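Colleague: I am new to this structure and would love a close look at a single part of it. Please choose a spot, tell me what surrounds it, and then follow the chain outward from there.

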Amino acid sequence: MSTARMPSLRVQAYENFREQIVRAQIRPGQFISQRELMQLLGMPLGAVRELIPRLEAEGLLQTVPQRGLQVAQVDVKLIKNAFELRLLLERESAIRFAQEASDAELAQIEAEHRSIVERARSGPIDEALLAEATQVDWGLHEHMIDAMGNALISEIYRINSLRVRLIKFENSSLSADILLAAMEEHLWFIEALRRRDATAVADRLGHHIESARRRVLGLPRPTLPWSSQTTTTT
């Protein structure tokens, strides 16, 4: 019989809350009662009540007198702060990842992205492909953060990623019209990783995050300085 410990109800409630944000079932500014939150998360009321202080401390939820619980509202300040924190954490992790990741690991990451691009170009871009592309997209960023081996940084990053997901709640998954552009930006960034070029890695990551920030603000994406960056590396 397995001796692995089951997660506590409070931990499970938090993970369920996170999943609802990822799936865009919880939206910014939404008011929700404790009982509605209990039903949405599929957790007992006691676990939900224990969860609320953590969500309030992380800025994901607030109690509004006489109105109940409100999911964090998206405004210009939240967008600025969330993307600045994302850039700060990811730039350091990416530079370190370029130094420490194995060639085989980087080749596998590139292959996953190229597979998505090839399937998107041959069509159709269906929900299954979009879901897989979203997992590959977010997975690269989280993988680089976790590769630092610092649990505190990983935790801070994941909390902030929930803020970013709320900001992008209408596009929490990649959409058909931006899938190729996002994957090509990743390939451009991966090419710098494979060359172990710390300056290019930092610059290209910054470009990618700025592109995401401008998209949520409804601004034109910055021009990508294409050359031979997305050709297959050896």
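Modeller: Happy to! Let's begin at the second largest cavity, whose lining is made up of 3 nonpolar, 2 polar and 2 charged residues. Please keep in mind that this is a predicted model. The residues around this cavity are R86, E90, W138, Y157, N160, S161 and V164. Its volume is about 30 Å³, and the count of cavities of 30 Å³ or more comes to 2.

Which helix gives the most to this lining? That is α7, with 4 residues. Helix α4, spanning 76-100, and helix α7, spanning 151-167, each provide at least two of the lining residues.

From here, let's look at another pair of helices. The axes of α5 (residues 103-122) and α6 (residues 127-146) come within 10 Å and cross at roughly 155°. Angles over 145 degrees count as roughly antiparallel, so α5 is roughly antiparallel to α6. Their crossing is left-handed. On the α5 side, the contact is formed by E105, I109, H113, I116, R119 and A120, which meet L129, E132, A133, V136, L140 and H143 of α6. By class, the residues of this contact are 7 nonpolar, 2 polar and 3 charged.

The loop between these two helices deserves a pause too, since there is a peptide bond to notice. P124 sits in the loop between α5 and α6, and a cis peptide bond with omega of about -5° joins G123 to P124. Why is that worth pointing out? Because most peptide bonds are trans.

Another backbone detail turns up at Q66, found in the loop between β2 (61-64) and β3 (68-71). The phi of Q66 is near 65°, a positive value in a residue other than glycine. For comparison, most residues other than glycine have a negative phi.

Last on our walk is a second helix pair, α2 (residues 34-41) and α3 (residues 45-57), whose axes lie 9 Å apart and pack at an angle of about 110°. Angles from 65 to 115 degrees count as roughly perpendicular, and α2 and α3 are therefore roughly perpendicular to each other. Here Q34, R35, L37, M38 and L41 of α2 meet L45, V48, R49, L51 and I52 of α3. This contact holds 7 nonpolar, 1 polar and 2 charged residues.

Key: Residues numbered from 1 in each chain as written. Predicted model: local features only at pLDDT ≥ 70, side-chain atom pairs only at ≥ 80, totals over all residues. Heavy atoms only, no water. 1 Å grid on protein atoms, 1.4 Å probe; cavity = no way out; pocket = protein on both sides within 12 Å on 5 of 7 lines; lining within 4 Å. Points joined across faces, edges and corners; volume = space filled by probe spheres on them. Nonpolar A, V, L, I, M, F, W, Y, C, P; charged D, E, K, R; others polar. Axes fitted to C-alpha atoms, helices over the stretch in contact; angles between N-to-C directions. Parallel < 35°, antiparallel > 145°, perpendicular 65-115°, else oblique. Left-handed = near helix turned anticlockwise from the far one by under 90°. Contact = heavy atoms within 4.5 Å.
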